[in-house]
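I opened the notebook to look up charges, contacts and surface patches in this entry. The notes follow in the order I took them.

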Amino acid sequence: MENLLYIAAIVAAIAFLILCISLAVTLSSVKKTLNNVAETLNGLETHLQNVTKETAELLHKTNELAEDIQDKSEKLNTVVDAVKNVGVSVNGFNNSIQRLSTSVTTEVEKNEEKIAQVVQWSSIFLGIRDKWKERKAMEQAGFYTFEKDNVK
């Protein structure tokens, strides 16, 4: 029975040895996995630093662009205000011309008879002037009118 006890102790020792070997293999495999994870995390940290740097640069450029857009927007607002003021001025000018036109039309309608008389008198005056120029031209050409011969 003592032999059985020694065999059991040897079996237990072999089982313990197998357990230790398998545990050592498992721990070695875990060690390799953890080393790979550590390397991946180091690479990830490097990439993350690069991304953080690029993000900071992009944010800086975005802020500059936003400031530029705001400056240009303010300048554009002054242009829009100026155009609006020009539009208001043109509307005022149009209203003034319309009032003036209405006033002139009203005055012309009031003085229509006087204007017709002025036109008549102008026509008569122009007719007399044309005849006078015609006679003057005839006299210079050497022709005498009957009335002139009678006067001499």
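**Negative patch**

I started with the charged surface and found a negative patch formed by Glu64, Glu67, Asp71 and Glu74. I took Glu67 as the residue to check, and I found Glu67 in helix α1. Glu67 has a relative accessibility of 53%, so I entered Glu67 as exposed, the cut-off for that class being over 50%.

**Confidence**

The model is predicted, so I looked up the confidence before going further. I read a mean pLDDT of 88 for the protein, with 94% of its residues at 70 or more. I then went through the elements. Helix α1, residues 2–110, has the highest mean pLDDT among them, at 91. Helix α3, residues 146–151, has the lowest, at 54.

**Salt bridges**

How many salt bridges does the structure hold? I counted three, and I took them in turn.

I noted a salt bridge between the side chains of Lys72 and Asp68, with an N to O distance of 3.3 Å. Both residues lie in helix α1, and I placed them four residues apart, which is about one turn of the helix. Are Lys72 and Asp68 buried or exposed? I entered Lys72 as exposed because its relative accessibility is 51%. Asp68 is at 32%, so I entered Asp68 as partly exposed.

Next I looked at Lys110 and Glu107, whose side chains meet in a salt bridge at 3.8 Å, N to O. I found both residues in helix α1 again, here three residues apart, also about one turn of the helix. Lys110 has a relative accessible area of 60% and is therefore exposed. I put Glu107 down as partly exposed because its relative accessibility is 39%.

The remaining pair is Asp130 and Arg129, and I read 3.6 Å, N to O, for the salt bridge between their side chains. Asp130 is partly exposed, since its relative accessible area is 40%. I gave Arg129 the label partly exposed as well, on a relative accessible area of 33%. The class in between runs from 20% to 50%, so I had no doubt about either label.

**Nonpolar patch**

I turned to the nonpolar surface. Which residues make the nonpolar surface patch? I listed Leu100, Val104, Val108, Ile115 and Val119, with an area of about 420 Å² for the patch. The elements that give two or more residues to the patch are α1 and α2, and I noted α2 as residues 112–141. I found that α1 gives the largest share, three residues.

I picked Val104 for a closer look and found Val104 in helix α1. Val104 has a relative accessible area of 45%, so I entered Val104 as partly exposed.

**Thr26 and a distance**

Last, I looked up Thr26, which is found in helix α1. I marked Thr26 as partly exposed because its relative accessibility is 45%. How far apart are the C-alpha atoms of Thr26 and Thr55? I read a separation of 42 Å for these two residues, which are 29 residues apart along the chain.

How values were computed:
Residues numbered from 1 in each chain as written. Predicted model: local features only at pLDDT ≥ 70, side-chain atom pairs only at ≥ 80, totals over all residues. Heavy atoms only, no water. pLDDT = per-residue confidence, 0-100. Patch = residues over 30% accessible without salt bridge, like charges linked within 9 Å, V, L, I, M, F, W, Y side chains within 5 Å. Areas by Shrake-Rupley, 256 points an atom, 1.4 Å probe, with all protein chains shown as cover. Salt bridge = Lys/Arg side-chain N within 4 Å of Asp/Glu carboxyl O. Lys, Arg positive; Asp, Glu negative; His and termini not counted. Charge placed at Lys NZ, Arg CZ, Asp CG, Glu CD. Buried < 20%, exposed > 50% of the residue type's maximum accessible area, 1.4 Å probe, protein only.
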